Amino acid sequence: MVTEPLSRPVMLVTGGTGSVGEAIAREAAAQGWAVVIQGRDAAKLAAFATSLQHVTAADFVAEDVTKADAAARIVAEAKARFGRLDAVVDCVSTGPREGRLTGLFKDTTPEHFTAFYDLSAAWFQRLAHAAYPALAERGGTLIGFISDAGKFAAPRQTIIGAARAAEIGFVRNLAVEAARDLIRVHAIAPSYVLESRTAELMGSERMESAAKRAGLDLPTPADIAPMAVFLCGPGAAKITGQIVSVNGGLNA
Ligand SMILES: NC(=O)c1ccc[n+]([C@@H]2O[C@H](COP(=O)([O-])OP(=O)(O)OC[C@H]3O[C@@H](n4cnc5c(N)ncnc54)[C@H](OP(=O)(O)O)[C@@H]3O)[C@@H](O)[C@H]2O)c1
């Protein structure tokens with residue numbers, strides 16, 4: 001807990017122990033941000049803390065986002081650590097391992113959709129509610145990670161596509177409204193991400209097939225992180241409501 005706000009900006013990365021969240025936290029710290037990293041696994045957070053020992057302003061929050069009032073607790077803790085909050089980047093994801101998320105529609109159930117929706121669009125809305133007052137204090141940025149499935153139709157993506165499209169609607173409408181409080185809101189949409197946990201679970205065959213269609217080659221988490229940090233920084237001060245795909249040219 002600090003009494004004086006830091007002179008540098010503070011970014012909260014939820015899902016910060018994941019492939020993309022970790023890369024964003026590292027990139028933000030390298031660019032001079034103070035970072036607060038949320039994950040649900042204390043051991044993972046401790047290992048991350050050890051690897052970030054060289055960073056003078058990094059802190060960690062352990063919380064399962066499915067618990068009641070998790071968003072309020074995470075945001076309150078993050079703000080208390082450094083006395084301010086300038087950006088919230090949400091990378092929480094179930095990943096394809098939990099539930100049948102990428103199957104044919106006839107093989108899914110309404111429960112699959114409800115569970116995924118709750119940890120994506122509904123969670124992001126809860127996080128936005130919790131973060132709004134802190135972000136409004138200085139004019140901050142809120143970014144949700146979605147998936148290209150919310151923008152581009154494909155087989156086996158009905159559950160992910162529907163939930164992510166809801167998040168896109170939320171982001172775009174909130175962006176127009178929140179601009180009056182100087183809050184900027186965006187979504188970043190990966191498709192297939194090399195060197196991510198999801199890629200491991202997808203298997204090499206699907207990743208190789210996607211790579212053949214991506215003229216710029218598929219991105220790694222380190223290729224995605226600079227976009228998130230840029231959108232939170234002063235160079236993007238007049239940009240809001242954007243849904244930015246970082247997919248190596250797979251979809252356009
Ligand atoms: N990687 C891809 O190929 C890909 C493609 C399209 C879209 N995306 C999107 O990009 C974003 C980041 O993906 P990623 O690859 O970094 O995912 P990831 O590696 O699976 O990381 C997900 C993060 O969410 C956390 N999490 C999951 N359930 C949680 C819960 N109940 N409470 C608290 N934390 C929880 C995980 O914690 P643990 O570390 O404890 O599991 C981890 O920090 C996600 O929104 C994802 O849908 C990714």
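**Exercise 1.** In this predicted model, determine how far a polar backbone atom of Val92 lies from an oxygen atom of the ligand, and then describe the surroundings of the ligand.

*Solution.* Begin with Val92, where a polar backbone atom is 3.5 Å from a ligand oxygen atom. Next, take two further backbone contacts: a polar backbone atom of Ser19 is 2.9 Å from an oxygen atom of the ligand, and a backbone N or O atom of Val193 lies 3.3 Å from a ligand oxygen atom. Then turn to burial, where the ligand taken alone exposes 900 Å², of which the protein buries 95%. Two or more residues of the shell come from each of helix H1 (19-30) and helix H7 (197-202). Finally, inspect the 29 residues around the ligand, among which Thr17, Val20, Lys44, Val65 and Arg164 come nearest; by class, the shell has 9 nonpolar, 12 polar and 8 charged residues.

**Exercise 2.** Establish the strand order of the open sheet, and place helices H6 and H9 against the strands.

*Solution.* First, list the 7 strands, which form an open sheet with parallel pairing in the order S3-S2-S1-S4-S5-S6-S7. The edges are strand S3 (58-62) and strand S7 (243-245), each pairing on one side only, and neighbouring strands are turned by 20 degrees against each other on average, direction ignored. Second, examine strand S2 (residues 34-39), which 5 bridges join to S3, with Gln38 standing opposite Val61 in S3. Third, add helix H6 (residues 158-178), which touches S5, S6 and S7 and whose direction makes about 155 degrees with that of S6. Helix H9 (residues 221-232), lying across S1, S4, S5, S6 and S7, runs at about 170 degrees to S6.

Terms used
Residues are numbered from 1 along each chain as its sequence is written. This is a predicted model: local features need pLDDT of at least 70, side-chain atom pairs count only at pLDDT 80 or more; totals for chains, interfaces and linings use all residues. Side-chain values use heavy atoms; hydrogens and water are left out. Two strands pair if DSSP finds at least two bridges between them. Helices (H or I, at least four residues) and strands (E, at least two) are DSSP runs, numbered from the N terminus. Axes are lines fitted to C-alpha atoms, for helices over the stretch in contact, and angles run from 0 to 180 degrees between N-to-C directions. Contact means heavy atoms within 4.5 Å. A residue is near a molecule or strand if one of its heavy atoms lies within 4 Å of it. A polar contact is a pair of N or O atoms within 3.5 Å; within protein, one must be able to donate a hydrogen and the other to accept it, and residues adjacent in sequence count only if both atoms are side-chain atoms. Accessible areas come from the Shrake-Rupley method with a 1.4 Å probe; for residues, only the protein chains shown count as cover. Ala, Val, Leu, Ile, Met, Phe, Trp, Tyr, Cys and Pro count as nonpolar, Asp, Glu, Lys and Arg as charged, and the others, Gly among them, as polar.
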